[in-house]
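The following exercises concern strand geometry and backbone torsion. Each task is followed by a solution in steps.

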Amino acid sequence: MAVRPIRYLGDPVLRQPAKKVRQVDDAIRRLVQDMIESMYAAQGVGLAAPQIGVPLRVVVLGMPDEEPFALINPVIMRRTGTRRLDGEGCLSVPGYRGAITRSEKVVVRALDLRGKEIRVRAESNLLAQALEHEVDHINGFLYVDRLDSMADLMKLDGTDWSSAHAVAPSEAAAPVGGASSGLPTHAHAGPDADTGD
Ligand SMILES: [Zn+2]
């Protein structure tokens, strides 16, 4: 098990649709362990395999005070409602936060670490936000792609992107170094995960 370095915006691995996992085996379980360690080391609440350079459809989620869990080949089955969130962040876009529109309710189908099909349901909480964020990652999208306007992207020191940069954030050079940041922690805690069957 090892903490692996996080890939930043500008790294092509973040932009390619990740490949489906064919078999949930020990190699995948080891990958998940590394991902969980890497997520916590970077103080994130979610991480997708491409973020550590592995182009596979694997994500891990670690809500505050909850056991972390993995989703293999996650697919969003249903999303309903919209809500405005001001302060989504990404470990691959350190130093920035964005105001973004996400769904209220999200239902995801995936495989667990035994290869068994599970469903995760979340509503109006950090988990719902993280599920959409991480599934975006394995499809090659970042939250900065979903901003309505550049004015919605804020540098953590308070200046907004548009006044500091004249380039589109989606392909701008990655801010190197600086504080890593996960998803916002001010969203409602208490995920409503149903990982059973
Ligand atoms: Zn991210």
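**Exercise 1: Faces of a strand**

Determine how the side chains along strand β5 (residues 117–123) are distributed between its faces in this predicted model.

Solution. The side chains of β5 alternate. Ile-118, Val-120 and Ala-122 point to one face and are buried. Glu-117, Arg-119, Arg-121 and Glu-123 point to the other face and are not buried.

**Exercise 2: Pairing and turn**

Establish in what sense strand β4 (residues 96–111) and β5 pair, and describe the connection between them.

Solution. The pairing of β4 with β5 is antiparallel and comprises seven bridges. Within β5, Ile-118 is the bridge partner of Ala-110; Ile-118 also belongs to the buried face described above. The two strands form a hairpin, with five residues between them. In the turn, Gly-115 has a positive phi of about 85 degrees.

**Exercise 3: Positive phi outside glycine**

Locate Asp-65 and Ser-124, and classify the exposure of Asp-65 and of Ser-124.

Solution. Most residues other than glycine have a negative phi. Asp-65, which is not a glycine, has a positive phi of about 65 degrees. Asp-65 lies in the loop between β2 (58–61) and β3 (69–88). A residue is exposed if 12 or fewer other C-beta atoms lie within 10 Å of its own; Asp-65 has 8 such neighbours and therefore counts as exposed.

Ser-124 also has a positive phi, near 50 degrees. Ser-124 is placed in the loop between β5 and α2 (126–138). Because Ser-124 has 17 C-beta neighbours inside 10 Å, it counts as partly exposed.

Key. Residues are numbered from 1 along each chain as its sequence is written. This is a predicted model: local features need pLDDT of at least 70, side-chain atom pairs count only at pLDDT 80 or more; totals for chains, interfaces and linings use all residues. A residue is buried if 20 or more other C-beta atoms lie within 10 Å of its own, exposed if 12 or fewer, and partly exposed in between; C-beta atoms are placed from the backbone. Helices (H or I, at least four residues) and strands (E, at least two) are DSSP runs, numbered from the N terminus. Two strands pair if DSSP finds at least two bridges between them.
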